[in-house]
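This report is meant for a reader meeting the structure for the first time. Please keep the sequence and the model in view while reading.

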Amino acid sequence: MERHFHHDLEALQDRLSEMAGRAETALSKAMEALRTRDPNLADEVVAEDLAIDRIELQIEGQCLNFLGLQQPVARDLRFLVAAIRVSNYLERIGDHSVNIAQSAAKLSVLPHVRPLDDLSRMAERTIGMLRGAVSAWLEHNTLLAKQICERDTEVDALKAEVFAKLSATMLHDPEAVPRALELVLVSRNLERIADLATNVAEEAIFVTEARVIKHHAYEQPAEAATGPESSEP
């Protein structure tokens, strides 16, 4: 019975891996649609998102079934709880990728402008974070997971640079406002995807080390993270 249960957990992990692959594909296609001004790619992103939604429902149902019937403990319990959360993060990444694809479709009918280098770098780092976070989850690599969490500030900084440049553009060229606003939305969605990739990395640490490190708690000294121990005067 136990062997069968762990085989089912491995199958669940495979479904999460498939879901993560589709999320990365959706994001890559959305950015490619933006770069090439190809609205057909935007339609493909929507199709990927529908598949991601279906897998999320399947994973959630499987996890709830395991929790109700198997009554897992320790690491298996942590894995199932985290798997539900990770599937939700991946589903939301699919949604944000659709948002980017929709912006790409709108931009495809507007006058072409040279894309911002900062936005391209932001996309590269975000895709890299997502790929790294998924690897950390699948391989139980807590060192990589912590590195992914630390890289979130890079994406935040790039978003600030993109917003500053686009704001200046809109101020000096009113005709550029529609294009600039769509690019601001793209940067905002990329930032949210980077945040969600960080969440996936945090879940990898939760499962492997039984520690919650939200809000970068791992950067704090143990006493600061857990509170000072009480002592007698």
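## A charge over a ring

A charge is said to sit over a ring if NZ of Lys or CZ of Arg is within 6 Å of the ring centre and within 35 degrees of the ring normal. Arg85 lies in this way over the face of Phe206, at 5.2 Å from the ring centre.

## Basis of the report

The model is predicted, and local features need pLDDT of at least 70, side-chain atom pairs count only at pLDDT 80 or more, while totals for chains, interfaces and linings use all residues. Residues are numbered from 1 along each chain as its sequence is written, and side-chain values use heavy atoms, with hydrogens and water left out.

## The aromatic pair

Rings of Phe, Tyr and Trp (its six-membered ring) form a pair if their centres lie within 6.5 Å; planes under 30 degrees apart count as stacked, over 60 as edge-to-face and the rest as tilted. One aromatic pair is present in the structure. Phe79 and Trp137 make up this stacked pair, with 5.7 Å centre to centre and 20 degrees between the planes.

Helices (H or I, at least four residues) and strands (E, at least two) are DSSP runs, numbered from the N terminus. Phe79 belongs to helix 3 (residues 74–107) and Trp137 to helix 4 (residues 117–139), so the pair ties together parts that are 58 residues apart in sequence. For accessibility, buried means under 20% relative accessible area, exposed over 50%, and partly exposed in between (1.4 Å probe, protein chains only). Phe79 counts as buried at 10% relative accessibility, and Trp137 is buried with a relative accessible area of 5%.

## The nonpolar core

In soluble globular proteins, nonpolar side chains tend to be buried together. A nonpolar core is here a set of buried Ala, Val, Leu, Ile, Met, Phe, Trp, Tyr and Cys residues joined through side-chain atoms within 4.5 Å. The largest such core has 69 residues, among which Trp137 and Leu190 touch the most other members. At least two residues of this core come from each of helix 1 (2–36), helix 2 (39–69), helix 3, helix 4, helix 5 (142–172) and helix 6 (177–209). Helix 6 gives the most, with 15 residues.

Contact means heavy atoms within 4.5 Å. Apart from residues up to four places away in sequence, Leu190 touches Leu27, Met31, Ile100, Leu119, Met122, Ala123, Thr126 and Val155. Leu119 is placed in helix 4 and counts as buried at 4% relative accessibility. With the same sequence neighbours set aside, the contacts of Leu119 are Leu34, Val162, Leu183, Val186, Ser187 and Leu190. Leu119 and Phe163 are 44 residues apart in sequence and 9.7 Å apart in space, C-alpha to C-alpha.

## Salt bridges

A salt bridge is a side-chain nitrogen of Lys or Arg within 4 Å of a carboxyl oxygen of Asp or Glu. The count comes to 15 salt bridges by this rule. One of them joins Lys106 and Glu182 (3.9 Å, N to O). This pair links distant parts of the chain, with Lys106 in helix 3 and Glu182 in helix 6, 76 residues apart. Lys106 is partly exposed, with a relative accessible area of 48%, whereas Glu182 is buried at 12%. Elsewhere, Arg15, Glu18, Arg22 and Glu48 are joined into one network by salt bridges that share partners.

Within that network, the closest N and O atoms of Glu18 and Arg15 are 2.6 Å apart. Glu18 and Arg15 stand three residues apart in helix 1, so about one helical turn separates them. Glu48 and Arg22 also form a salt bridge, their closest N and O atoms being 3.1 Å apart. Glu48 lies in helix 2 and Arg22 in helix 1, so the pair ties together parts that are 26 residues apart in sequence.

## A buried acidic residue

Where is Glu91 placed? Glu91 is in helix 3. Lys and Arg count as positive and Asp and Glu as negative; His and the chain ends are not counted. Glu91 is buried yet has no salt bridge, and the nearest side chain of opposite charge, Arg92, is 6.1 Å away. Beyond neighbours within four places in sequence, Glu91 is in contact with Met19, Asp49, Ile52, Asp53 and Glu56.
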